[in-house]
Amino acid sequence: MRKVAVVGIGHGKFGVRSDASLRELAFEAVKACLDDAGISLKEVDSMVTGIAGDEFAFGLQPSAQVHDYIGFYPKPNFRVEGACATGSIALITGYMNVASGLADLVLVIGVEKMTEVPTSIATEIMGKAGDAIWEYPFGTTFPGYYAMIANAHMAEYGTTEDQLAMVSVKNHYYGSLNPYAQMQKEITLEKALTSYTVAYPLKLYDCSLITDGAAAVLIASEERAKAISKKPIWIVGAGIATDTLRLGDRKSLTSILSAKEAAKIAYKMAGVGPANIDVATVHDCFTIAEIIAYEDLGFCEKGEGGKLIQAKETYVGGRIPVNVDGGLKSKGHPIGATGVSMAIEITKQLRGEAGERQVKNAETGLAHNVGGTGQVTAVHIFRRG
Amino acid sequence: MDFRNFSLHISQTKVNRFVDELAAGKFMATVCKKCGKKYYPPKADCSNCMESDMEWRQMGGRGTLETFTKIYVPPDHFAVRPPLMPFSTIQFEPCPIGLLEVEDGLKIMGWIPKMDVKKIKVGMKMKASPQLLPDGKITIVLEPI
């Protein structure tokens, strides 16, 4: 396989973007990405578009809305979908295009427009990403699934509501420093703990946001990467794995099998282990998900995730800084864009362009992106040149 | 019985018998005649050996609660509409749900209508029962033994 590098990044403002449609959000990210790389769209061989919900986009093949609007035709456009992992599946699809030699320069776009529908409808669309026949009849929602995971983890390992809230406090702190974040504000532990319950025991500040937003990266073959970029960031590991649709069919609710398997593939491919990771973005759709991600990725022992955040080891300066862009919690979670946004944050960190949030001398970074309750997870490992 | 009385959205499936048995008070699993693998929820096809020769078998409803929650912000389908009458309010009190592990590691999801969520504990012994609702739908409830 050929080497593949990220040579351009473009991040739109995440938030309630009532000023823009899906296609217009995508344009913002694409324009920023091409400018960052100093490339014109004509030079790009193909594109991959990650959009999770046709229901959110009010139409089938929403990716055509995007390639039409940015003027990318008649070249190839691959649309991919994997709920909240859609963006990372777009990246791995782009990676396969370049690594295989099918293309030299690929534009990877993730975009979602979630606030055009009311919150209750968004909650329903997301809830049906679980088992629509056997779980949804019990009124399940995404916070509901992760609340069940949280109760299982708390019962087995003694993880506390305080520890969950500490994840939120951290991610809001870093979100306050990220101009692209939906909620640029710090919160206190007390505020998180006294917010209303969304699904017991998860409270408002344990939950990520419903967001509009887009992100794009340009990836290139070795030859093109060296010509385009002074600081190409190499994709050295890429793993994807799956698990059962229904929570009730899993042996364990306290870890996410697809995440462990995807990490195993990515670590092996990159020839590194958890101790070699300098900075990570993990899928904190809910605070419990970040704690479980610490464990599944090997940043701590099984059951010790709560203690890792309590000891502030996932802050900049700690043992393994995690989600120092604000995470899904504070930056926002436009589901199709999230995985691409994670790749952008890691690229910035490895380029040394993360400003106040910079992890000193970061050489190797990891992005972990979970779809649904773990029906699919993608893990990428990046290294600077 | 129309499968949609249980599933809410889907009526076309090979395991429609499940709802008829549920309405008659029984939890039914399917078992692969070739390899013996047991499925709840029932499957018409065996993903263990790729055969489709299955038999129905009743299972018990007693087990251990694996996990639970109470969803305060429901999906639109279950949402209570605000009243149109001025100055009036509705107090919405949702019902907890849980996942009960019964025989052979199979897990039954159900509503827990009779318990305060703060008193529900992982590991509790509970019993699942089918329950016919006033609107003709069929569902499953869990209660402590």
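Reader: How many residues does the contact take from chain A, and how many from chain B?

Author: In this predicted model, the contact takes 28 residues from chain A and 29 residues from chain B. On the side of chain A that touches chain B, the elements giving two or more residues are helix 5 (119-127), helix 6 (142-157) and strand 5 (197-199), and helix 6 of chain A provides the largest share, seven residues. By residue class, that side of chain A divides into 17 nonpolar, nine polar and two charged.

Reader: What scores does the model have, and what is the mean pLDDT of chain B?

Author: The model scores ipTM 0.96 and pTM 0.97, while chain B has a mean pLDDT of 95, with 100% of its residues at 70 or more.

Reader: Why is chain A called as compact as a globular protein of its length?

Author: The secondary structure of chain A comes to 14 helices and 11 strands. Its radius of gyration is 19 Å, and the globule rule gives 21 Å for 385 residues; the two values are close, so chain A is as compact as a globular protein of that length. Along the principal axes, the C-alpha trace of chain A spans about 55 × 45 × 40 Å, and buried residues make up 65% of the 385 residues. Among the contacts in chain A with a separation of 6 or more, 78% are between residues 24 or more positions apart.

Reader: What makes A:Asp284 count as buried or exposed?

Author: A residue is buried if 20 or more other C-beta atoms lie within 10 Å of its own, and because A:Asp284 has 30 C-beta neighbours inside 10 Å, A:Asp284 counts as buried. The residue sits in the loop between strand 9 (279-281) and helix 11 (287-296) of chain A. Leaving out residues up to four places away in sequence, A:Asp284 touches several residues, including A:Val167, A:Asn171, A:Ser208, A:Glu290 and A:Lys329. A:Ala311, 27 residues from A:Asp284 in sequence, is 18 Å away from A:Asp284, C-alpha to C-alpha.

Reader: How do you know which burial class A:Ala32 belongs to?

Author: The partly exposed class lies between the exposed limit of 12 or fewer neighbours and the buried limit of 20 or more; A:Ala32 has 19 C-beta neighbours inside 10 Å and therefore counts as partly exposed. A:Ala32 lies in helix 1 (residues 22-37) of chain A, and, leaving aside its neighbours within four places in sequence, A:Ala32 is in contact with A:Gly10 and A:His11. The C-alpha atoms of A:Ala32 and A:Ala192 are separated by 34 Å, with their positions 160 residues apart along the chain counted as the separation.

Technical notes:
Residues are numbered from 1 along each chain as its sequence is written. Chains are lettered from A and ligands numbered from 1 in the order in which they are written. This is a predicted model: local features need pLDDT of at least 70, side-chain atom pairs count only at pLDDT 80 or more; totals for chains, interfaces and linings use all residues. pLDDT is the predictor's confidence in each residue, from 0 to 100. Two residues are in contact if their C-beta atoms, placed from the backbone, lie within 7 Å. Helices (H or I, at least four residues) and strands (E, at least two) are DSSP runs, numbered from the N terminus. Ala, Val, Leu, Ile, Met, Phe, Trp, Tyr, Cys and Pro count as nonpolar, Asp, Glu, Lys and Arg as charged, and the others, Gly among them, as polar. The radius of gyration is taken over C-alpha atoms; the globule rule is 2.2 Å times the number of residues to the power 0.38.
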